[in-house]
Amino acid sequence: MPAQSLRFDAVSKAYGETLAVDGVDLSIAAGSFVALVGASGSGKSTLLKTINRLIAPTAGRVLIDGVDVADGPAPALRRRIGYVFQSIGLFPHMSVAENIGIGPRIAGDPPANVARLLDLVDLPREIATRMPEALSGGQRQRVAIARALAPGAKLLLLDEAFGALDPVTRDALGTEIRALHDRLELTTILVTHDMAEALLLADRVLVMQAGRIVADATPAALLNGGGGEAAQALVAVPRHQADRLRTLAQERTA
Ligand code: ADP
Ligand code: MG
């Protein structure tokens, strides 16, 4: 199955007076790795959840390969979409293998190839019989990614999926996810508040502010000062840190 394209067609979501998503028009090419960046409350999670119908837009539509996600039953749609969020949500009373296989099992599909999926996310196969409580945070997050990909999903949605991890694990897992994306020819949307992570991993960075996409640029363009004011304010943070570290290193060695 080839990678899937995505289109948001005037998508809005209101909660009472609050417009969490405000008329988003957006096309995402099949096979791209897109980062969605923005401050807390800017509407990133809400926009992401309109893709797998955890949230229904109050206006507009979302299309995968030209087909409205609202057509057909939601469970069938969700099985085709890998979705990983911060609070992982592994079933504590199920082994790693059972957690990974839950999607195909519920659907009555052929069982997941647990060994292959563990290989894919770089976990030792022996881990299959362990319970989630016997894993580190990084290992749990890898199991969650294996589970998300088990039904053969070609669309991967990551919502602050590395948020609870220590920086070293987070960095490693980010790089691995990017490699996995390339190898499996996925279409990936990574929601993050971390501009450095977005710049390092994505092909395209979208900045969200008050429910709207206010910047849409490549990492190279952003690093060269493009993308507009909101984007540059976010790029300034890691750039400043890098500058300060460089200065500090020079002072120490001087
Ligand atoms: P982000 O993921 O960027 O932090 P969210 O999409 O979670 O932002 O939230 C966008 C806006 O919608 C925020 O103002 C938030 O308070 C509001 N919101 C989100 N979920 C709900 C909800 N279930 N009920 C009411 N308001 C909500
Ligand atoms: Mg969120």
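Which residues have the most contacts inside the largest nonpolar core? In this predicted model, that position is held by Ile100 and Met195, within a core of 46 residues. Helix α5, spanning residues 137-149, supplies the largest share of this core, namely six residues. Apart from residues up to four places away in sequence, the contacts of Ile100 are with Ala112, Val114, Leu117, Leu118, Val143, Ala146, Arg147 and Ala150. A second core, separate from the largest one, comprises 24 residues, among them Leu26, Val34, Leu47 and Tyr83.

Ile100 belongs to helix α3 (residues 96-107), in which Val96, Asn99, Gly101, Ile102, Gly103 and Pro104 are buried along with Ile100 itself. The buried residues of this helix pack against three other helices: α2 (74-79), α4 (114-120) and α5. After α3 comes Gly108, which has a positive phi near 75°.

An open sheet of six strands was identified, with the order β6-β7-β8-β3-β9-β10 and mixed pairing. The edges are occupied by β6 (81-85) and β10; each has a single partner strand, so one side of each is without a neighbour in the sheet. From one strand to the next, the twist averages 15°.

Within this sheet, strand β9 (residues 204-209) is largely enclosed by the rest of the structure, because five of its six residues are buried. Strand β3 (residues 33-37) runs parallel to β9 and is joined to it by four bridges. Along this pairing, Val34 is opposite Arg204 of β9, while Val37 has Val207 as its bridge partner in β9. Val34 is also one of the residues of the second core. On the pairing with β10 (residues 212-217), β9 is antiparallel, and five bridges connect the two strands. Here Val207 stands opposite Ala215 of β10. Val207 is thus placed opposite Ala215 in β10 and is the bridge partner of Val37. The two strands β9 and β10 form a hairpin with two residues between them, and in its turn Ala210 has a positive phi of about 45°. Helix α9 (residues 229-253) lies across β3, β9 and β10, and its direction makes an angle of about 110° with β9.

A search of the whole structure for aromatic pairs returned one. This pair consists of Tyr83 and Phe85; the ring centres are 5.2 Å apart and the planes lie at 40°, so the arrangement is classed as tilted. Tyr83 is included in the second core, whereas Phe85 counts as partly exposed because its relative accessibility is 28%.

Positive phi values were also found in two glutamates. Glu160, a residue other than glycine, has a positive phi of about 50°. Glu160 is located in the loop between β7 (155-159) and α6 (167-184), and its relative accessible area of 14% makes it buried, as the cut-off is under 20%. Glu185, likewise not a glycine, has a positive phi near 50°. Glu185 is found in the loop between α6 and β8 (187-192) and is exposed, with a relative accessible area of 53%.

Key: Residues numbered from 1 in each chain as written. Chains lettered and ligands numbered in written order. Predicted model: local features only at pLDDT ≥ 70, side-chain atom pairs only at ≥ 80, totals over all residues. Heavy atoms only, no water. Core = buried A, V, L, I, M, F, W, Y, C linked by side-chain atoms within 4.5 Å. Buried < 20%, exposed > 50% of the residue type's maximum accessible area, 1.4 Å probe, protein only. Contact = heavy atoms within 4.5 Å. Phe/Tyr/Trp six-rings, centres within 6.5 Å; stacked < 30°, edge-to-face > 60°. Pairing = 2+ DSSP bridges. Axes fitted to C-alpha atoms, helices over the stretch in contact; angles between N-to-C directions.
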